[in-house]
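Open the model in your viewer and keep the selection panel at hand. The stops below go from one sheet to the other, with a side trip to the aromatic rings.

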Amino acid sequence: MRRRKDRAQSVSRRTFLAAGSAWLALAAAGRAQDRPRTRLVLLGTAGGPTPKARRAAPAQAIVVGDRIYLVDCGDGVARQLVLAKLPTQQLRSVFITHQHSDHNAGYGPLFLLEWGAHLSTPVDTFGPPPLVDMTARLLDAYRYDIELRMADEGHPPLAPLIRPHEITAAGEIFKDDRVRVTAALNRHPPIQYSFAYRFDTADRSIVISGDTNYSQNVVELAKGADVLVHEVVSREFWERPDAPQPPQVVRHILASHTDAADVGRVAAQAGVRTLVLTHFVPTEGPGAPTDEQWLAAVRTQFKGTVIIGHDLMEL
């Protein structure tokens, strides 16, 4: 009789433990389903300050659930957000990689135009100097329109809705309950403070290189990341005798951007899962590399997944 009782207790205990494990697995799966999914949207993939016919100026959106974290504000970024069907009232933070016009020309208009439509929640902005002074001067430039709309349309003041933070060193620069953002200094001479950013969320890690030559700091920042979004330049194109820029500009291009093969080397050394090419230099025009040529150059160094970025692509 005792043996039957012990056996019954043993079976009961095993059943209880199995049921408990199953419950824990279901609970974990439920928590995973409850976590907001992270999406990457390429808003603009052109390189250089001049307007392009087929690509918009540089910008990326990292979307975690119903929050938008914007990296760079190339010209027309407000419209690109609309085309991507990203509600700008969900914008939470903006990160500027460096102070070049192709990366910041849309910064002021983004806030001015969205304030006229939907913006009502403060947005923290991060980037190198002179971000604070630049923000103040843009608000001053728009003062007439701002004051007019406040009086005529009842809008609240715009200035308190933009909270700029200047960064000059690597490290964690932002964290909330959905994302942690880490910065690393890259190499974009002659600019002193130029950054790459890493976004770590519950389900993904995404690194944005910013404009840079080959950078060991970017390699370290991107170690083990799910996605590396990296700028790219064609050295072969710019070393041609008939390159469509004066020698001084060509020297800058080659010194401050990363050749396609070196982009592949960065991705391979970092061990990333997926490499996304963006900020193509040249972007278009006679002799510009095709998608296949960009891919072939990167493939000499990186055998993982490579995606040729295009505007409004979602990953």
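In what order do the seven strands of the open sheet that includes β1 lie? The order is β6-β5-β4-β3-β2-β1-β14, and the pairing is mixed. Select β6 (162-166) and β14 (313-314) to see the edge strands, each of which pairs on one side only. Bear in mind throughout that this is a predicted model.

**The whole chain**

Before going further, colour the protein chain by secondary structure: there are 11 helices and 14 strands. The chain has 315 residues, and 47% of them count as buried. Switch on the surface, and about 15600 Å² is exposed, with carbon and sulfur atoms supplying 54% of that area. Among contacts with a separation of 6 or more, 68% are between residues 24 or more positions apart.

**Strand β1 and its neighbours**

Select residues 38-44, which are strand β1. Six of the seven residues in β1 are buried, so the strand is mostly covered. On one pairing, β1 runs antiparallel to strand β2 (residues 59-64) over six bridges. Show Leu-40 here, and Ile-62 of β2 is opposite. β1 also pairs with β14, again in the antiparallel sense, over two bridges. In this pairing Val-41 stands opposite Glu-314 of β14.

**The β5-β6 end**

Now move to strand β5, residues 123-127, which pairs with β6 in the parallel sense over five bridges. Select Phe-126 and His-165: the two stand opposite each other, with His-165 in β6. Add residues 131-141, which are helix α5; this helix packs on the sheet and touches β5 and β6. The direction of α5 makes about 150 degrees with that of β6.

**Aromatic rings**

Keep Phe-126 selected and add Phe-95. How are the rings of Phe-95 and Phe-126 arranged? Their centres are 5.1 Å apart and their planes are at 10 degrees; the pair counts as stacked because the planes are under 30 degrees apart. Phe-95 is in strand β4 (residues 91-95) and Phe-126 is in strand β5, so the pair links parts of the chain 31 residues apart.

Are Phe-95 and Phe-126 buried or exposed? Phe-95 is buried, at 0% relative accessibility. Phe-126 is buried too, with a relative accessible area of 5%.

Extend the selection to Tyr-69, Phe-174, Phe-195, Tyr-197 and Phe-199, which ring pairs link with Phe-95 and Phe-126 into a cluster. The model has 10 aromatic pairs in total.

Two other rings have an arginine over the face. Select Phe-237 and Arg-240, where the arginine lies 4.3 Å from the ring centre. Then select Tyr-214 and Arg-265, where the distance to the ring centre is 4.0 Å.

**The other sheet**

Select β7 to β13. These seven strands form an open sheet of mixed pairing, in the order β7-β8-β9-β10-β11-β12-β13. At its edges are β7 (171-175) and β13 (305-308), each pairing on one side only. Neighbouring strands of this sheet are turned by 25 degrees against each other on average, direction ignored.

Zoom in on strand β8 (residues 180-185) and strand β9 (residues 195-200), which pair in the antiparallel sense over six bridges. Ala-184 is opposite Ala-196, the latter in β9.

For the last stop, select residues 260-270, helix α10, together with β11 (227-233) and β12 (274-281). The helix lies across both strands and runs at about 160 degrees to β11.

Conventions:
Residues are numbered from 1 along each chain as its sequence is written. This is a predicted model: local features need pLDDT of at least 70, side-chain atom pairs count only at pLDDT 80 or more; totals for chains, interfaces and linings use all residues. Side-chain values use heavy atoms; hydrogens and water are left out. Two strands pair if DSSP finds at least two bridges between them. Helices (H or I, at least four residues) and strands (E, at least two) are DSSP runs, numbered from the N terminus. Contact means heavy atoms within 4.5 Å. Axes are lines fitted to C-alpha atoms, for helices over the stretch in contact, and angles run from 0 to 180 degrees between N-to-C directions. Rings of Phe, Tyr and Trp (its six-membered ring) pair if their centres lie within 6.5 Å; planes under 30 degrees apart count as stacked, over 60 as edge-to-face and the rest as tilted. Buried means under 20% relative accessible area, exposed over 50%, partly exposed in between (1.4 Å probe, protein chains only). A charge sits over a ring if NZ of Lys or CZ of Arg is within 6 Å of the ring centre and within 35 degrees of the ring normal. Accessible areas come from the Shrake-Rupley method with a 1.4 Å probe; for residues, only the protein chains shown count as cover.
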